[in-house]
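The following exercises concern a pocket and a helix pair. Each task is followed by a worked solution.

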Amino acid sequence: MTPESTVLMAAYNASMNQKMYAAAARLPHADLTADRNAFFGSILGTMNHLLAADTIWLSRFATHPARYSALAPMLDLPAPSSLTHSFGDYLPSLLAHRHRLDAIVTEWAPQVSAEHLAQTMEYRSTRGDLYRKHFGSLVLHFFNHQTHHRGQVSTLLTQAGVDIGVTDLLAMVPDIEAP
């Protein structure tokens, strides 16, 4: 990870989350909550998992020695106790939390420096296990995890008859002008 790729991934994830929620809003509630034999059951179950994981990771990142001002609100949120924590059974409930997290990530990303990414970060899992890992790799995991599960939601939406549209990161990678 680099500071530039952190900013790019924050913008990409906010944009893709917006597309995902807009696509999901085209389905009736029953279709969003139907068990689709996915790892987290339903479309909303998978979207809830993303919110839980993002909340957990951003709360951990808020304890980074850099003490990012953008992540300060995360210290006031109760951290989910599991990756299946529910933020509600209705899309508008999830969307409100998604907007809040995406705004925090978008504000946080430009605060991340190369020095921060090179540091080691210590954190505890939801089970209480202690880990010490390279912060840049944790940031990479944070964004990759979102992409992975959004891909699952995209598949579930397609199976339900809703096309989310282009989701490739390449669409957001800026062109470089020739010298």
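**Exercise 1: the pocket lining**

Helix 3 gives the largest share of the lining of the largest pocket, namely 5 residues. The model is predicted: local features need pLDDT of at least 70, side-chain atom pairs pLDDT 80 or more, while totals for chains, interfaces and linings use all residues. Numbering starts from 1 along each chain as its sequence is written, and side-chain values use heavy atoms, without hydrogens and water.

Task: State which helices each supply at least two residues of the lining of the largest pocket, and describe that lining by class.

Solution.
1. Helix 3 (43-61) and helix 6 (135-159) each supply at least two lining residues; helices are DSSP runs of H or I, at least four residues, numbered from the N terminus.
2. The lining comprises 13 residues, with Trp57, Arg60, Leu83, Ser125 and Thr126 nearest the pocket centre.
3. By class, the lining has 6 nonpolar, 5 polar and 2 charged residues.

**Exercise 2: a helix pair**

Task: Determine how helix 1 is oriented relative to helix 4.

Solution.
1. The axes of helix 1 (residues 3-24) and helix 4 (residues 91-108) come within 9 Å and cross at roughly 165 degrees; axes are lines fitted to C-alpha atoms over the stretch in contact, with angles from 0 to 180 degrees between N-to-C directions.
2. Helix 1 is therefore roughly antiparallel to helix 4, a label for angles over 145 degrees.
3. Among the residues making the contact (heavy atoms within 4.5 Å) are Asn13 and Tyr21 of helix 1 and Arg98 and Trp108 of helix 4.
4. By class, this contact has 9 nonpolar, 4 polar and 2 charged residues.

Notes:
Angles under 35 degrees count as roughly parallel, over 145 as roughly antiparallel, 65 to 115 as roughly perpendicular and the rest as oblique. Ala, Val, Leu, Ile, Met, Phe, Trp, Tyr, Cys and Pro count as nonpolar, Asp, Glu, Lys and Arg as charged, and the others, Gly among them, as polar. On a 1 Å grid over the protein atoms alone, a cavity is a set of points where a 1.4 Å probe fits but cannot get out, and a pocket is an open set with protein on both sides within 12 Å along at least five of seven lines; lining residues have an atom within 4 Å of a point.
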